[in-house]
Amino acid sequence: MTGPIGRFWRRLHIGRNPLARTSDRVEAALLFVVLLGLLVAVPLALFTGSQTYGGQLAVSEEQRASRHLVTATLIEDAPTPVPATEGAFSTSGSAGVQATWTYNGGEPKTGIVAADPGATAGTTVPVWINEDGNPAPAPISSTDAATTGVLAGIFAWLVAALVLTAAYWITRFVLDRRRAARWEAEWAALGDRWARS
């Protein structure tokens, strides 16, 4: 085998090469452990992602039980978009505007809700409220839960890969320093022998 794959295979599989040093065998064994660790990290990352997804779904169900979507009516105009530069407008998605809504079977409530810039008084907007009737963030969606689970799994695998790779390179650095020092000492001893001849 030639190329990067061949070099990788030779680094991993030293075999019975009489020229291979103990440090070469330690490095090959460590590389094998790193590869094995990366493979073992896959099911652990899947487990982490699955647990995170399940936890997010539980939070989502709890939020859906305690939050309700109501329709609020704006009681003032939302600010109109302001030109940020010549010909371009500010792209802020929503503005806080006073609105009124009902909860608990008709009890009125007033507060600040998000509305599109330029919305006029009397416009209705959907608002999530908590059990006290105050605006609250929308419950976590199943898509958000899935995304968080996938990202948690990927992050867990990347952390494992980073730790294993760092351990390999630190060990390789130490082994390379020892090999270089030993090589230098052997050359110095050989140079002394040649000088005496």
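Where in the chain is confidence lowest, and where is it highest? I checked this before anything else, as I'm working from a predicted model. Strand β3 (residues 88-89) is at the bottom with a mean pLDDT of 54, while β6 tops the chain at 94. Low pLDDT means the predicted coordinates should not be read in detail, so I'm leaving the fine print of that stretch alone. Over the chain, pLDDT averages 86, and 87% of the residues score at least 70.

Next, the helix pair. I looked up how α2 (residues 22-66) sits against α3 (residues 142-196) and got an angle of about 165°, with the axes 7 Å apart. Anything over 145 degrees counts as roughly antiparallel, so α2 gets that label relative to α3. The crossing of α2 past α3 is right-handed. I also sorted their contact by residue class: 21 nonpolar, 11 polar and 4 charged.

Then the nonpolar cores. The largest has 14 residues, and I wanted to know which of them touch the most other members. Those turn out to be Leu74, Val113, Ala115, Val125 and Val127. I traced the core back to its elements: β1 (68-74), β4 (95-103), β5 (107-115) and β6 (124-129) each put in two or more residues. β4 supplies the largest share, with 4 residues. I noted a separate core as well, made of 5 residues; Leu31, Val34, Leu38 and Ala161 are among them.

One cross-check to close: β6, a contributor to the largest core, is also where confidence peaks.

Terms used. Residues numbered from 1 in each chain as written. Predicted model: local features only at pLDDT ≥ 70, side-chain atom pairs only at ≥ 80, totals over all residues. Heavy atoms only, no water. Core = buried A, V, L, I, M, F, W, Y, C linked by side-chain atoms within 4.5 Å. Buried < 20%, exposed > 50% of the residue type's maximum accessible area, 1.4 Å probe, protein only. Axes fitted to C-alpha atoms, helices over the stretch in contact; angles between N-to-C directions. Parallel < 35°, antiparallel > 145°, perpendicular 65-115°, else oblique. Left-handed = near helix turned anticlockwise from the far one by under 90°. Nonpolar A, V, L, I, M, F, W, Y, C, P; charged D, E, K, R; others polar. pLDDT = per-residue confidence, 0-100.
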